[in-house]
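Reader: I am new to reading structures and would like to understand the words used for them. Could we go through some of these words together, with the reasons behind each?

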Amino acid sequence: MEYTKGYVYELMDQGGPTDNREPYFREAVEEMMRARVLCAKANACMPDDPAYVGYLEELFGRKLDDVRILTPFTCDFGNRVKFGKGVFINHSAILSASGGIEFEDGVMSAPGLHIASINHDMNERHTKYTYGKVLVKKNAWLGMNVTICPGVTIGEYAVVAAGAVVTKDVPAYAVVGGVPAKVIKMQDSSQQKE
């Protein structure tokens, strides 16, 4: 069967499943290799060498003059990540991005962020994958070593405490923590500054 270019990404956007034995999956494998090479090049630069930013710009296909990402940094699908303005991703982030990840304006992340937008099929776990886009809304703050699971939306101005594992959507202005993350309290939205 013939597949059109981009078919694998259409399946990912629909939540899958995809099958890594099918010819259409080659396009995904090529993007993973491209992303791994560019991340390796960025991570091989000294932290004070601005050349690393050029590799990340190539990875994401956009200028990063309004986004700051510290290395080491790992992302497997640069073409599936979107950034708003003023986003800050601290070192040691791992973005498993095939299902799509979007950071809106002003998102901040402490070191050790892990985001997964892909999962394995329970019964055919070696060959079939499912997907869920992760959306981190405006001015959300993600603490150290936060893990966000596929399909989760983090609301505007939400705070995710260090070490939390987020398995469900987080409301705007909520402070969540724990494993799995639960609402600890709500912030006063009138106190937030842009």
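**Words and their reasons**

Author: Gladly, and please keep in mind that this is a predicted model. We can begin in the loop between β2 (67–69) and β3 (73–75), where proline 72 lies.

Reader: What makes the peptide bond from threonine 71 to proline 72 cis?

Author: The omega of that bond is near 0°, and the bond is cis. A second cis bond leads from glycine 16 to proline 17, with omega near 5°, and proline 17 sits in the loop between α1 (7–13) and β1 (18–19).

Reader: Why is serine 98 called buried?

Author: Buried means under 20% relative accessible area, and serine 98 has 2% relative accessibility, so the word applies. This serine lies in the loop between β6 and β7 (101–103), and beyond its neighbours within four places in sequence it is in contact with Met12, Asp76, Phe77, Arg80, Ser117, Ile118 and Tyr131.

Reader: Serine 117 is in that list of contacts; how do you know whether serine 117 is buried or exposed?

Author: Its relative accessible area is 0%, which is under the 20% cut-off, and therefore serine 117 is buried. Serine 117 is placed in the loop between β9 (114–116) and β10 (118–120), and the residues it touches, not counting those up to four places away in sequence, include Ser98, Gly99, Tyr131 and Pro150.

Reader: What makes the approach of the serine 117 side chain to the backbone nitrogen of glycine 99 a polar contact?

Author: The distance is 2.9 Å, and a polar contact requires a pair of N or O atoms within 3.5 Å, so the value satisfies the distance limit.

Reader: Why is serine 92 called partly exposed rather than buried?

Author: Partly exposed covers the range between under 20% and over 50%, and serine 92, at 29% relative accessibility, therefore falls into it. In the loop between β5 (87–89) and β6 (93–96), serine 92 also has a positive phi of about 70° although it is not a glycine.

Reader: Which class does asparagine 145 belong to, with its relative accessible area of 44%?

Author: Because 44% also lies between the two cut-offs, asparagine 145 is partly exposed. Its phi is near 60°, a positive value in a residue other than glycine, and it is found in the loop between β13 (141–142) and β14 (147–148).

Reader: Why are β3 and β17 (165–166) said to stand at the edges?

Author: The open sheet of five strands has the order β3-β6-β9-β14-β17, with parallel pairing. β3 and β17 each have a single partner strand, so one side of each is left without a neighbour in the sheet.

Reader: How do you know that β14 and β17 pair?

Author: Pairing requires at least two bridges, and β14 and β17 have two bridges in the parallel sense, so they count as a pair. Isoleucine 148 stands opposite valine 166 in β17.

Reader: What makes β18 (residues 174–177) a strand with both faces covered?

Author: Ala174 and Val176 on one side, and Val175 and Gly177 on the other, are all buried.

Reader: Which strands pair with β18, and in which sense?

Author: Strand β16 (residues 159–160) pairs with β18 in the parallel sense over two bridges, whereas four bridges join β18 to strand β19 (residues 182–186) in an antiparallel run. β18 and β19 form a hairpin with four residues between them, and glycine 178 in the turn has a positive phi of about 100°.

Note on methods: Residues numbered from 1 in each chain as written. Predicted model: local features only at pLDDT ≥ 70, side-chain atom pairs only at ≥ 80, totals over all residues. Heavy atoms only, no water. Buried < 20%, exposed > 50% of the residue type's maximum accessible area, 1.4 Å probe, protein only. Contact = heavy atoms within 4.5 Å. Polar contact = N/O pair within 3.5 Å; in protein donor to acceptor, adjacent residues only side chain to side chain.
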